[in-house]
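Colleague: Please pick a single part of this model and take a close look at it for me, then show me how a few other spots compare in kind. Keep it informal, but give me the cut-offs as you go.

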Amino acid sequence: MMEEKQVQSGVIRGRTPTSADNSFRGKPITYTDEGLVLSYHYDDVWDFTAQEDRGVHSRTGVAFTQTDPEHKKEIQDTLFDLYKLFEKRDKIAPTSNQLTAWKRGLQHLSRLLGHTNWSVFDDRMELKRFKRALKKRQLSLGNVSNMGTTLSMLFDGMVLHNRIDSKALRALSSNKPKKQHIAIPICMYQQILTRALASVEKYHPYRHQISTMMEKAYDIQERILNGEDITGNYAPLSLSNRKAGLRLRVSRACKSIEHSIPDYKVDLNGVANLEIQTACMIVILAFSGARIGETSSFNKNSYTTKSNNGKDIAVLIGETTKGNDGKPKQEVWQSHPVSQSALELAEDMHHSLCQRYKSKIQRKSESGEYHAAKKRFALKQVQSAFIPPCFGFQKDTYVATHMSRNITKQTKQWGIKATSADVEEFNLLNPAWEGTLKIGGFLPKLTPHDFRRTFAVFFKRYNFGSAAGIKFQFKQHNINMADYYANNATLMHMNDVLLDKDLLKEIHEAGIALGVDIYDEIYNKSENLSDLGGEDIVKNKLEDQLKKLKSGNDIYMSREDIEKGVRSGELAIVQLPTGGYCTNTSCERVCGISQFIAEKSKCIHQVYTDKAAKLLARQRKRTIDQFKGMNLGDRLKNSILAGLKQKILDAEITLKKHKIEFEPFIDEIVGVMT
């Protein structure tokens, strides 16, 4: 029966294997739906497409193309034996993700050892020699942890007799801290999103026309490749059948396609479409907090709304594999209505291209190149709104790849330059990256996950965006990020919408970092503190600070001590929309949130630092502009104007305490006797 499977497998691969060929390729390890051999254990790739249900952006195989040739067969033998052992013992076979992790560990181990005789780890002297070599290499904690996991797997698989202490191995890794993903400074973030939203708005009305134009271009290419002279009058070189001549004729013919799409060039390399697609992806990343693999599961049918207390909240329904061993499960992400336009544009402009991909998949299925499971997975991939925009360059994956590189390239082309304020904020938000953003330069990196961390940081640091005032114009409507982040707070309490645990963890850590930064500013950096909470802090710390200064310590409390207090809950802080802070996180007052002062008595927990007072000064100027715009004699607005005036005058008291110069406000409400 096994021989029959092996012979039929050769037909699928386009040739009939001989018995010697079977020996060269090793033993069968994966099979098709029909039970035919799909991969042998000496193949460069073990294809698990038929065995596993994977996410659209996931790989379904274990690749050995980068494995050291001198160790490759022995590593494949080890993995094959372990695969069969665990499959028989546990009744569940290891997944391709597990095998890939073990493969990486074995590769690292073999490079350090110089061979694949794993039994040396049972010898005390050899183990010491290995540890010395490991410490000398100064590998990252991630790589060393992977080796420790792999050695534990070798013990569980009865390859080793002694269990290796993974914790002791990790201590031998380099001490270099792992740099986290960056949070984008707010002004740069606003510029990036403004450009992306402008692209979506510009091309959304033309999305079907783009698809039609691309179909015409592909038709022209096929006719020229078949020998047809479409326009004539070409030079001899361009009429040749050499590749250069054919490309030139196709390019010239495509230029003759008439259309009304602004600033759009029809080309078969997908350059213009890639730029639009990247803008759509930036919008989806910024307004969902999803990972890049999760966004690849979205299409225009993913968008829907959920009702909460009579208010419709935009959400995206897709798939995630995180925390589920690579297996897809349905998940819901809070979003914004603009995501609907971005997904419609990304999908509809490639409608004709999608049909070509489907035809290609069908041809490969009919030829036997794609088995049933491979065809199923490929058809699932082309349902994504983000398919490869160039038919000629696409190989075997039907979702867009290299999106991190595309996003970095696109945003750099937009010419966004960092200001001194951007650099200061970047260093504050990203201490591990301090000094890497220069004035006049661009971000040191920008990956899809950086939008995710920015989401978490803004969620905490800017009080759902209200203090930052992040707004964008889209289709004559104002997109206010305050509403977007506030909706996330609402969705946290909805039973059927669960924000993923990793994002919640990032949001929590962003809150810790915010608390540390603010208390460091309050205790160690601000020369002046005002309002009742600030005055109380000054009074309580003065005596203790004098003692520390006498002992040669120029700070009141180190950042490490502050972080301990924030994590324990001893030190709590909330950033107010006014720019000030409140040290009582359970307070139910509405300090600075409304247009006018809603509380008669001063809050005993409110604190203003020098930095916060500067924000208040800018806010005061906006309030004055608002007052002047409304002060036209309409009596119905008198109560609002009175509240605005009181807010302006109260701000002046704070500005005086922080020695910030301003022109006193003396305007009176029109038509009111004083």
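Modeller: Let me fix the burial words before anything else: buried means under 20% relative accessible area, exposed means over 50%, and partly exposed is in between (1.4 Å probe, protein chains only). This is a predicted model, so to speak of local features I need pLDDT of at least 70, and side-chain atom pairs count only at pLDDT 80 or more, while totals for chains, interfaces and linings use all residues. Residues are numbered from 1 along each chain as its sequence is written, and side-chain values use heavy atoms, with hydrogens and water left out.

My pick is helix α5, residues 124-137. (Helices are DSSP runs of H or I with at least four residues, strands are runs of E with at least two, and both are numbered from the N terminus.) From first C-alpha to last, the 14 residues of α5 reach 20 Å, close to the 20 Å expected at 1.5 Å a residue; that expected span is 1.5 Å times one less than the number of residues.

Which residues of α5 are buried? They are Leu127, Phe130 and Leu134. They sit on the same side of α5 because they cover an arc of only 60° around the axis, the arc being that of the directions from the helix axis to the C-beta atoms. An α-helix has 3.6 residues a turn, so residues three or four places apart point the same way. The cover over the buried residues of α5 includes α4 (96-113), α6 (141-156) and α7 (166-170). Turn to the other side of α5 and you find Met125, Arg132, Lys135 and Lys136 exposed.

The ends have some detail too. At the start of α5, Asp123 brings a side-chain oxygen to within 3.0 Å of the backbone nitrogen of Met125. Just past the other end, Gln138 has a positive phi of about 50°.

A positive phi also turns up at Gly35, near 90°, in the hairpin of β1 and β2, where five residues lie between the strands. Strands β1 (residues 28-31) and β2 (residues 37-40) pair antiparallel over three bridges; pairing takes at least two DSSP bridges. Tyr31 has Val37 of β2 as its bridge partner.

Now for two loop residues. Lys445, in the loop between α18 (420-429) and α19 (448-461), is buried at 19% relative accessible area. Its side chain makes a polar contact of 2.8 Å with that of Asp450. (A polar contact is a pair of N or O atoms within 3.5 Å; within protein, one must be able to donate a hydrogen and the other to accept it, and residues adjacent in sequence count only if both atoms are side-chain atoms.) Setting aside neighbours within four places, Lys445 is in contact (heavy atoms within 4.5 Å) with His181, Ile182, Trp433 and Asp450.

Ser526 lies in the loop between α21 (501-525) and α22 (531-550), and is buried at 12%. Its side chain reaches the backbone oxygen of Asn528 at 2.6 Å, and a polar atom of that side chain lies 2.9 Å from the backbone nitrogen of Asp610. The C-alpha atoms of Ser526 and Lys611 are separated by 7.4 Å, although these residues are 85 apart along the chain.

As for the whole protein, there are 25 helices and twelve strands, and 49% of the 674 residues are buried.
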